[in-house]
Amino acid sequence: MKSISTVQLKDVTAVYNGVEGNLWELLMGQQIHIGGFKSSMDLAERAAIGAGMNGVDLCCCNGAGMRVLVRFPNVDSMTGVDATETVVQRGRQRCEEEGLGDRIRFVLADASNSGLPSASADFVWSEDAWCYVGDKPKLIAEAARVVKRGGTIAFTDWIEGPAGLSDAEAERLLTFMKFPNVQDLAGYARLLKDNGCTVLTADDTGRFPSYVDLYLNMVDMQLTYDAMRIIGFNTDVMQAIAGDFAFLRELAHAGKVAQGRFIARRL
């Protein structure tokens with residue numbers, strides 16, 4: 001697992017309390033993860049998540065994934081945990097606007113220490129968000145604590161790809177993405193097993209390269225002005241962001257960064 005010591009939780013919350021979070025939503029929509037709706041539905045289907053179930057989304061951001069789950073697989077209720085006040089407030093407002101406030105609730109807390117009751121959820125869920133969490137062993141332990149025995153932990157995340165990152169590549173990636181560290185397939189699988197889970201799926205979705213291409217093309221071909229407005233029309237900042245995304249694309253196409261998919265059963 002590649003890591004750096006300079007990124008803390010306060011740095012992550014600053015991203016999603018500020019303009020960077022707005023920029024991510026411009027590029028990726030309300031579902032700020034690779035693959036959006038299709039990725040959510042794919043994960044829900046593979047994990048057999050559906051009607052009659054109650055779930056917890058650790059690092060839920062604005063709750064878009066939870067809204068998908070209650071609308072389409074018809075999950076009964078969701079509880080979302082996130083440490084960033086701006087996205088929690090935004091999520092509550094959006095759930096009320098969509099008439100889902102009675103089925104989705106938000107908790108403002110560290111996902112590694114949610115305060116939720118033990119064995120209270122049929123499944124624990126997350127989409128491309130645990131890369132922001134520094135203490136991954138504690139996070140996986142929290143997921144295993146919250147889910148019922150026989151329940152499911154299902155998540156996607158940005159991971160180190162099979163080609164591996166050099167130390168210099170990892171430092172640049174983690175710094176600009178505000179990730180304290182990045183796991184790999186084997187690392188997450190090991191943490192799940194260490195916390196009493198049987199790993200059913202641990203694979204690469206294969207989506208990452210084409211979606212990074214999509215985001216770059218969107219800014220270049222359609223959303224240039226919108227992105228510039230969010231960052232205050234600062235051309236130097238825009239150039240720096242473009243450079244970082246071009247670097248991310250290189251890593252993706254080289255197999256050094258990927259989107260991992262994980263499904264596990266709590267024993």
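**Entry 1: Phe233 and Cys59**

I looked up Phe233 and found it in the loop between α10 (224-230) and α11. The model I am reading is a predicted one. Phi of Phe233 is near 55°, which is a positive value in a residue other than glycine. I noted this angle because most residues other than glycine have a negative phi. With a relative accessibility of 43%, Phe233 counts as partly exposed, since that class lies between 20% and 50%.

I then turned to Cys59, which sits in the loop between β2 and α4. Cys59 is not a glycine, yet its phi is positive, at about 75°. Is Cys59 buried or exposed? I recorded it as buried, because its relative accessible area is 15% and the cut-off for buried is under 20%.

**Entry 2: Cysteines**

How many disulfides does the structure have? I found zero disulfides. Cys131 takes part in none, and the nearest cysteine sulfur to it, that of Cys59, is 8.6 Å away. The limit for a disulfide is 2.5 Å, so Cys131 and Cys59 do not qualify at 8.6 Å. Cys197 is likewise in no disulfide; for this residue the nearest cysteine sulfur is that of Cys59, 17 Å away.

I also checked how far these residues are covered. Cys131 has 1% relative accessibility and therefore counts as buried. Cys197 is buried as well, with a relative accessible area of 5%.

**Entry 3: Strands β2, β3 and β4**

I followed strand β3, which covers residues 77-82. Five of its six residues are buried, and I describe the strand as mostly covered. On one side, β3 runs parallel to strand β2 (residues 54-58), to which five bridges join it. Asp57 stands opposite Gly80 of β3. Between these two strands the chain passes through α4, and this β-α-β crossover is right-handed.

β3 is also joined by five bridges to strand β4 (residues 104-108), again in a parallel arrangement. Here Val81 stands opposite Val107 of β4. The chain goes from β3 to β4 by way of helix α5 (residues 85-97), and this crossover is right-handed.

**Entry 4: Strand β6 and its partners**

Next I examined strand β6 (residues 147-160). Why do I call this strand largely enclosed by the rest of the structure? Eleven of its 14 residues are buried, so the rest of the structure encloses most of it.

Strand β5 (residues 121-127) runs parallel to β6, and six bridges join the two. I picked out one pairing: Glu127 has Thr156 in β6 as its bridge partner. Together with helix α6 (residues 136-146), β5 and β6 form a right-handed β-α-β unit.

Strand β9 (residues 257-266) runs antiparallel to β6, and nine bridges join them. In this pair, Thr152 has Arg265 of β9 as its bridge partner.

**Entry 5: Pockets**

I turned to the empty space. Rolling a probe the size of a water molecule over the atoms shows where such space is left.

The largest pocket has a volume of about 590 Å³. Of the 36 residues that line this pocket, Val12, Cys59, Ala129, Tyr132 and Val133 are the closest to its centre. Cys59, noted above for its positive phi, thus returns here. 

The elements that give two or more residues to this lining are α1 (9-17) and α4 (64-71). Which element gives the largest share of the lining? I found that α1 does, with four residues. By class, the lining of the largest pocket holds 17 nonpolar, twelve polar and seven charged residues.

The second largest pocket has a volume of about 270 Å³. It is lined by 15 residues, and those closest to its centre are Glu20, Leu23, Phe176, Ile241 and Asp244. Two or more residues come from each of α2 (19-28), α7 (167-177) and α11 (235-253). I counted twelve nonpolar, no polar and three charged residues in the lining of the second largest pocket.

**Entry 6: The cavity**

I found one cavity of 30 Å³ or more. The largest cavity has a volume of about 70 Å³. Among the residues that line it are Tyr16, Trp24, Asp128, Cys131 and Trp158. The lining of the largest cavity divides into nine nonpolar residues, one polar and one charged. Cys131, entered above as buried, is one of these lining residues.

Key:
Residues are numbered from 1 along each chain as its sequence is written. This is a predicted model: local features need pLDDT of at least 70, side-chain atom pairs count only at pLDDT 80 or more; totals for chains, interfaces and linings use all residues. Side-chain values use heavy atoms; hydrogens and water are left out. Buried means under 20% relative accessible area, exposed over 50%, partly exposed in between (1.4 Å probe, protein chains only). Two strands pair if DSSP finds at least two bridges between them. A crossover is right-handed if, with the strands pointing away from the viewer, the path from the first strand over the helix to the second runs clockwise. On a 1 Å grid over the protein atoms alone, a cavity is a set of points where a 1.4 Å probe fits but cannot get out, and a pocket is an open set with protein on both sides within 12 Å along at least five of seven lines; lining residues have an atom within 4 Å of a point. Grid points are joined across faces, edges and corners, and a volume is the space filled by probe spheres set on the points. Ala, Val, Leu, Ile, Met, Phe, Trp, Tyr, Cys and Pro count as nonpolar, Asp, Glu, Lys and Arg as charged, and the others, Gly among them, as polar.
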